[in-house]
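Colleague: Could you take me closely through one part of this model, and then place that part in its wider setting? I would like a connected account rather than a list.

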Amino acid sequence: MERIVHGMTPKEALQILRQADGYYLTNTARDLSQSDFKNRILLHTDLLAAESRENAQYFSLEITGGASVHVDILRKQVDPFLKLELLREKMPTTMFQTLCRGVNLFGYRPYPQNVIRFAVREFAKYVDVWRVFDFMNHVPNMQAVFEEVQLADKILEPSICFSTGPEHTDEFYVGKVQEILDVTGEDIILCIKNHGGLGTPKRIGELVAAIKQKYPELVIHYHGHNTDGNDIGRITAAVISGAAIVDASDHAFTGYYGPPPLLSVIHTLNDYGKTAVGLNEDAVIESSEVLRNERDHYEYFESQFKGFSPTVQIHKLPGGAMGSSFEQAVKGNFLEQMPTILHDELPKVQIELGNWWSVTPGSQILWTTAVTNVLEKDRYGNPSGDLKNLLLGKYGPFPFHRPADWIYEKVFGASWKKILEEEGGVEDIDDMDIDKERETLTERLGHPPTEQQLVTYLQHPNDAVNFFKFEEEFGKTYVLPPSIFLRRGGYKLGESLMFKDHYGKEHVIEIGPKQIDEKGEWSIYLNVDHQERNYTFMEEAKEAAAAAGPQLSKKEIEDLSKAGDMRATFSCNVCEIAIKEDDEVAVGDKLAVVEAMKMQTPVLSQVAGTVVEIHAKVGDALKAGDKILKIITEVE
Amino acid sequence: MKKILVANRGEIAIRVIRAAQELGYKAIAIYETPDTDALHVRIADEAIWLGDGPRKDYLDIAKVMKAARKSEADAIHPGYGFLAENPEFAKACEDAGLLFIGPTSEVITNLGNKVIAREIMAGANIPMVPGTQNLVPGDEGIKHAIDFAAQYGYPMMLKATAGGGGRGIRRIENDSEMREQIPMARAEAKAAFNNDNVYLEKVVINPKHVEVQIIADAFGNVVHLGTRDCSIQRRNQKLVEIAPSMIQDKSIIDAICETAVKAAQASNYTNAGTVEFLVDRDMNFYFMEINTRIQVEHTVTEMVTGIDIVRTQLKLAFGKSLLFKQEDIQIRGHAIEMRINAEDPKNNFMPEGGKTVNIYRSPGGYGVRLDGFVYQGYTIPEVYDSLLVKLTVHGYSWNETVDRLRRCLRNFVIVGPKTTIPFYLELVNDPDFQEGDFDTSYLETHAHLLDYDEQNTEINKLAKLIAEIHYKEENTYAI
């Protein structure tokens, strides 16, 4: 029984997979983190488990990709490339796997071809297995990634996204497989990407069997989520029907929306006479023993709602979006509307918009549309920019049917046909001038970036710069365990924090007193490696509150906007300012584009007049009521 | 009970107050408004406010004399700086019937004038750096200067007769510079000191700065307390001082000390003073000047001799004769003093005044002495000098002393202003310093010692994040 290890060519690996007696397991640690811990599981924790995960001899460890690249820099403050480098040191033989959103790479909207190819080339230096998908199952959207992965001689794993409903037949999916094989050739692994954990074990078994019947030599990797608590059933059916690789993760961290526990999969399939090839069960157990102690520190990021959600079969939200949906409902104060949103509106929107696959970025479009429809009590009356792009076919053709005319009319107005005719179709994105971007980044950083930094920057410009500056100021903070990095409520007086820095030096920080003086300046005393230090902070909260003044109600914000004083109507980031000072604008003109919950929304002028002041700039994070710009209306 | 008015501030005021109180005298402090919270005001028996200052009231002879009268002081100790070497102040005390703790106003006048001082020393056959008298005005003076340079060789130093403290000095490399610079130097000296006299001195290249502590009573007894080396300086300001000098040849040291005593006798010196010499690489030594005051670095001499110099100053001023003879004085071990200043060495030793000392934790233990005036919570006035505390350590051998110094620097915690401590930590690890091998070019030739990484060590960065998480009670970069 030969093991598949890092460094093998795709041909060698595929040969072993095709001849294997049994099945292989991928530890989808990344998907577990994303689905059940809002992507916050830190590199520190993954490094703790690295040795036992290496010893477990998985087919692969899925440890990057999806939203994790963005969250790495945004919320974990770790370089996504450094992360792979450090894990590789501790895991010399295990193949690393990523999840790539095709034309959307590791972001939320399409990137230019040259950016995609550049990013894949850089990541391919670390990543052995490339799972690639497109939320419309539109194969051309994945082609650039396919080509670059194959050029880099890494294992390509194109996906067919799976969902349920009358259109989602075996014939349809087998046809999709053929479309993929037509462009990739035979030497791939095919992924059935069941991001919502949809369908029954019987349905998944049938699908795998149908594909295997048509392509007996094709290696199938089944990926699911345990949202309804039944993914082990689906995994079992998949393997019995011929899937060669399946996904699960460490039981110490399994939750409700991510992968099921590895050991349960192993035990169940054992009884069916199916063996996990090469797997070291003791090492699987050991990983969880190591990880168990860490879980408490992540409690804040676990779902507010405990228990499985079998109603996923109705609303179809992907596992990766479940936790954040509930979080938004709590923060946006519409928790009591959730049953309506999830069980009535979302399924309705899903069908109305074409019953394609609810996965990034499509799942965000469906979710945001359903939430807006319910909260605004005006279905499709407040379309997001991404919904418009979807309707215009910019993400790809609708696989089954186009949404009804009335939706187009509601979104684009009476002249929707003309707009569709003029602007419709897959967007051709011009290549970026990468050298120019490198110059811009050099300017923003004050020194030339590395190629890796540039790749990160090209995908998430502002967040990348913030991260690079964070690192310059605070160093390599991945060395801090979650008990320090994610601590809430402050440390205890006298507490000793011990850790090794990036260079391997041991440190101890003791927490001293925390005092405020009459001017509102806080002094934090720390004993750093036996040297007393003091850090001062001004009471920002007080200052900011005083500066911000009273909060505006939604009605007040609207009234101001109608008077030309454009305000942010919700918390958002500014992506684009479409006008300059002194520009003349008419009612309905696009003034700016803002982004919230990963969705872009245009800010349209409600008055005709002249732009006199622009307060916001690209990259600004605005709160509801913050000024964007001011328009003086024409004097009659 | 006798009353001593201490006409100074900072650590030296405290040093004098301590000596006065130990003798059972009353110590009277004076202060300007920025020093309202100063420690010397708090520990003195009485304190008299002079005015808002800054600096000008400490320098105001009339105001200080008025404070002395008001407090019925018997004597005035001037410390160092401010009025300490102003002969008019000593004269005012003499005229008012107050004891001035130091030499007479006449001695201060003579030794304060470089040309007169050189004349006195020449009369006593004290070796001096070759130099001219005041240059005569006009072309004749320039010609004389050029002839002098031809005889002794460039480079030469052109000095203002009335200058001091590093001011009014310029280096001349050749004849044409000489022609240009003399008129300019005269104009500058006229503007700065209201005296356009200048003279020439040969430059001694990279000398050691060696000085001798002398003490003389009013009965003709003069002793020396051995040598100090103050070569480690920046911009003519001493940073590190040691006692005794590391010159190993005892005959040279003896010759220097005997010369110092001779110089004191020649100038009719009384009370404590310092005779400064330059020592070149061939161990030729030249008289530089006599400082007619207590010096910052007197502590190192006290440590190696066991003699309380300030106490001795007070006793001599009240008419006592010296209690010890030259042969009673023994130099035991080595002492090093470091001036811990509120300065950023990396930023050209820029003063860090105006900052609050948030944490002050000083070292202690065997062989450790501190002369300071700051305390935790004290805000350093911006308007005075940057010296916070003098750390003096004493050890049996040079190595032991350096080890003790390193330990003390490591344990010294001053949080708030930047200080010279991180620089000194580099210095004590420098092989040349550890060998005792340094001259006045030390800082120039050891500029790499300023390359220490202060704020940007990895742990400092991480600690900053931890402080912020602790302050905000969550990691806003992660939530």
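Modeller:

**Chain B, from its parallel sheet outwards**

In chain B, an open sheet is formed by 5 strands, taken in the order E3-E2-E1-E4-E5, and the pairing is parallel. A word on terms: strands (E, at least two residues) and helices (H or I, at least four residues) are DSSP runs numbered from the N terminus, and two strands pair if DSSP finds at least two bridges between them. The edges of this sheet are held by strand E3 (46-51) and strand E5 (99-100) of chain B, each with a single partner strand, so one side of each is left without a neighbour in the sheet. This is a predicted model, in which local features need pLDDT of at least 70 and side-chain atom pairs count only at pLDDT 80 or more, while totals for chains, interfaces and linings use all residues. Residues are numbered from 1 along each chain as its sequence is written, and chains are lettered from A and ligands numbered from 1 in the order in which they are written.

Within the parallel sheet, strand E1 (residues 3-6) of chain B is joined to strand E4 (residues 75-77) of chain B by 3 bridges, the two running parallel, and Ile4(B) stands opposite Ala75(B) in E4(B). Helix H3 (residues 61-70) of chain B lies across E1, strand E2 (26-32), E3 and E4 of chain B, and runs at about 150° to E3(B). Such angles run from 0 to 180 degrees between N-to-C directions, the axes being lines fitted to C-alpha atoms, for helices over the stretch in contact; two residues are in contact if their C-beta atoms, placed from the backbone, lie within 7 Å.

The wider setting begins with the division of chain B into domain 1 (3-101), domain 2 (130-202) and domain 3 (208-451), with bounds that come from an automatic or database domain assignment. Between domain 1 of chain B and domain 3 of chain B, the C-alpha centres lie 23 Å apart, and 28 residues of domain 1 of chain B are in contact with 24 residues of domain 3 of chain B. On the side of domain 1 of chain B that touches domain 3 of chain B, helix H1 (10-22) and helix H2 (39-43) of chain B each supply at least two residues, and the largest share, 8 residues, comes from H1(B).

Chain B also holds an open sheet of 8 strands, with antiparallel pairing, in the order E13-E12-E9-E10-E11-E14-E19-E18. Here strand E13 (285-291) and strand E18 (368-372) of chain B stand at the edges with a single partner strand each, so one side of each is left without a neighbour in the sheet. On average, and with direction ignored, neighbouring strands of this sheet are turned by 25° against each other. Strand E12 (residues 271-279) of chain B runs antiparallel to E13(B) and is joined to that strand by 6 bridges, with Thr274(B) opposite Asn291(B) in E13(B).

Taken as a whole, chain B comes to 16 helices and 20 strands. Its radius of gyration is 23 Å, close to the 23 Å that the globule rule gives for 479 residues, so chain B is as compact as a globular protein of that length; the radius is taken over C-alpha atoms, and the rule is 2.2 Å times the number of residues to the power 0.38. Of these 479 residues, 47% count as buried, a residue being buried if 20 or more other C-beta atoms, placed from the backbone, lie within 10 Å of its own, exposed if 12 or fewer, and partly exposed in between. As for confidence, chain B averages a pLDDT of 93, and 99% of the residues score at least 70, where pLDDT is the predictor's confidence in each residue, from 0 to 100.

Finally, there is the partner chain. Chain A has 25 helices and 20 strands, and 22 residues of chain B are in contact with 37 residues of chain A. Strand E17 (359-361), strand E20 (413-415) and helix H16 (458-472) of chain B each supply at least two residues of the side of chain B that touches chain A, and H16(B) gives the most to that side, with 12 residues. The model scores ipTM 0.84 and pTM 0.70.
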